[in-house]
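Open the model in your viewer and keep the selection tool at hand. The stops below say what to pick next and what is found there.

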Amino acid sequence: MALTQRLEFRQSQSLVMTPQPMQAIKLLRLSNLDLATFVEDELERNPLLERASDGSETPVAGEPAPERERAEFSESPDHDEMGATYSHDGSDDSAQFSDRSGSDGLESQQPDEWMNRDLGTRTEIEQTLDTGLDNVFSEEPAEAAARAAQDAAPTAYTEWGGGASNDDSYNLEAFVAAEETLGGHLAERLAVAFTDPAKRMIGQYLIDLVDEAGYLPPDLGDVGERLGAAVQDIESVLGVLQKFDPPGVCARSLSECLAIQLREQNRYDPAMQALVEHLDLLAKRDIASLRKICGVDDEDLADMIGEIRRLDPKPGLKFGSARMQTVVPDVYVRPGPDGGWHVELNSDTLPRVLVNQVYYSELSKTIRKDGDKSYFTDCLQNATWLVRALDQRARTILKVATEIVRQQDGFFTQGVAHLRPLNLKAVADAIQMHESTVSRVTANKYMATNRGSFELKYFFTASIASADGGEAHSAEAVRHHIRQLIDGENPAVILSDDTIVERLRATGIDIARRTVAKYRESMRIPSSVQRRRDKQSMLGNALTAPATASERTTSDRSRDIAPA
């Protein structure tokens, strides 16, 4: 077969996504915090983008508004009325000011002439007033005190720096001490505890492995291979690190953490050691086995368990850790006056950016180089696309949230038990969008309702078939039913998973036992055996406490009667 070269023309169609639609799709998935960061980067990168004014700052009467502010109001379609009011108020104030200055021109010139007039020397002034200046302009006690305080040396930092506490550039957080971290705290103790550089290196490596709770990885076998150190040296350094404050830090397990704290309190005797080594039995409330292993009676075992509970299982959390970010809702749902629901966007999470057309028109008149012209043309196009993408994102979020509220009206009215099964396709078909668009919109977005704040994905749940062939049940509603059954169970009659299945089927929910077990474990609810032990233990403690108090009262009475 011979190989030849030839030219062919072929016509085909393909979908090519430009950077602008890709940017719009990216903005849909971003949370409000990520979106704010993205917009801040665009504001720094694009000179034609500017942050929209909220209208709180108004110009001084008689002074024209800055050119950039007029451009902001004129470019925003949502602020036409605000811009009109803004410019209308400014023109009125300017007209009033000019009228006053025209009618009272003589009065306005007389004070100026009087102020510019030369009054002469001190002797001439005293002769004119026929008295001394000290008698005419004598300082009152309050004025003298104020003048003394003004002449005094400044004491506050803002007085020395020439700033004020209400200045925008004044940052109070700059004077707050940095929060001490666990790693920094341990590193300071390490510098004092060791003088050998090799041991300091081992200690610093181990400190870097400590998590925010204060624990080391369970297996430290590869530390010696990476550092080229002997196992004995690593163990000796680890023993010193475990004596650092807070007690229990640098432990490799919960048992070791509690043991370190008990040694610090001089309470790590053989009975307590046996209890710490069998924490799994303590979690299962297997009191009989613990009593046999520790070799103590019920009273001593209760005291030992009380000491264990007073220890700190996560000593590292006393120091600074990653700050928890408060969830800011993107959508608010409030009851309407007609019995419905009012859905609105949270304006605080929507970035307000505008395109400065005035600045671009001024630049277009002065730019001569082709490279500069193309650069600012691209900036104008990107800024326009960003403004449109942000507006489309807000409209899409509102449309999806409104449809979710319409589909899940029973949840907002009556609670979780009336949550309906819902998938992305149902919402997408209702608002005539693609499922992928709905999926991006519901990611990292939160809705504030009368029943709390929920992620938008919370309202999309799987369906559980009905036992009588009726309407399907939501998986979240089934979880709610399971939790209600377990919370209301009798301590003497604990419900097993099979019993829960029977009761759910009696209410019309067709569910398997393994599904009940999966839902129960996802809600961190222990098994029926564990719940029976926990509730019997709690019931036993509640019954023995009054008996002990009555026994003490009887013994006190017997001691009082005995001497008589």
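Where is the place of Q432? Select Q432: the residue is in the loop between α22 (424-431) and α23 (435-442). Before going further, note that this is a predicted model. Q432 has a phi near 60°, a positive value in a residue other than glycine. Its relative accessibility is 73%, so Q432 counts as exposed.

**The four-stranded sheet**

Now colour the strands of the open sheet, which has four of them in the order β3-β2-β5-β6, with mixed pairing. Which strands stand at the edges? They are β3 and β6; each has a single partner strand, so one side of each is left without a neighbour in the sheet. From one strand to the next, the twist averages 20°.

Select residues 331-335, which form β2, together with β3. The two run antiparallel and are joined by five bridges. To find one of these pairings, pick P335, whose bridge partner in β3 is W341.

Move to the other edge of the sheet and select residues 446-449 (β5) and 452-455 (β6). These strands are antiparallel too, with four bridges between them. A hairpin of two residues connects β5 to β6. Beside that turn, T449 has G452 in β6 as its bridge partner.

**N346, after β3**

Select N346, in the loop between β3 (341-345) and β4 (353-355). Is N346 buried or exposed? The relative accessibility of N346 is 4%, so N346 counts as buried. Show its surroundings: leaving aside residues up to four places away in sequence, N346 touches V328, P329, D330 and Y332.

**Helix α20 and its partner α2**

Add helix α20, which lies across β2, β3 and β5. Its direction is at about 160° to β3.

Keep α20 (residues 370-407) on screen and select helix α2 (residues 32-45) as well. The axes of these helices come within 11 Å and cross at roughly 160°. That angle is why α2 counts as roughly antiparallel to α20. The crossing of α2 past α20 is left-handed.

Which residues of α2 meet α20? Show side chains for L35, F38, V39, E42 and R45 in α2, and for Y375, L386, L390 and R393 in α20. By class, this contact has six nonpolar, no polar and three charged residues. For reading the α2 side, it helps to recall that an α-helix has 3.6 residues a turn, so residues three or four places apart point the same way.

**The loop between α13 and α14**

Go next to K243, in the loop between α13 (231-241) and α14 (254-264). K243 has a relative accessible area of 71% and is therefore exposed. Draw a distance from the C-alpha atom of K243 to that of R263: the two are separated by 10.0 Å, while the residues are 20 apart along the chain.

Stay in this loop and select P246, which is also found between α13 and α14. What kind of peptide bond joins D245 and P246? The bond is cis, with omega at about 0°.

**Helices α25 and α26**

Select residues 497-506 for α25 and residues 513-522 for α26. The axes of the two helices are 9 Å apart, and they pack at an angle of about 105°. α25 is therefore roughly perpendicular to α26.

To see the contact, show D497, D498, I500, V501 and L504 in α25 with R513, V516, A517 and R520 in α26. These residues divide into five nonpolar, no polar and four charged. Then colour α26 by burial: T515, V516, A517, Y519 and R520 are buried. V516, A517 and R520 thus appear in both selections, among the α26 residues that meet α25 and among the buried ones.

**Last stop: R524**

Follow the chain past α26 to R524, in the loop between α26 and α27 (528-561). What is the phi of R524? The value is near 60°, positive in a residue other than glycine. R524 has 78% relative accessibility, so this residue counts as exposed. To finish, bring back Q432, where the tour began: phi is near 60° there as well.

Notes. Residues numbered from 1 in each chain as written. Predicted model: local features only at pLDDT ≥ 70, side-chain atom pairs only at ≥ 80, totals over all residues. Heavy atoms only, no water. Axes fitted to C-alpha atoms, helices over the stretch in contact; angles between N-to-C directions. Parallel < 35°, antiparallel > 145°, perpendicular 65-115°, else oblique. Left-handed = near helix turned anticlockwise from the far one by under 90°. Contact = heavy atoms within 4.5 Å. Nonpolar A, V, L, I, M, F, W, Y, C, P; charged D, E, K, R; others polar. Pairing = 2+ DSSP bridges. Buried < 20%, exposed > 50% of the residue type's maximum accessible area, 1.4 Å probe, protein only.
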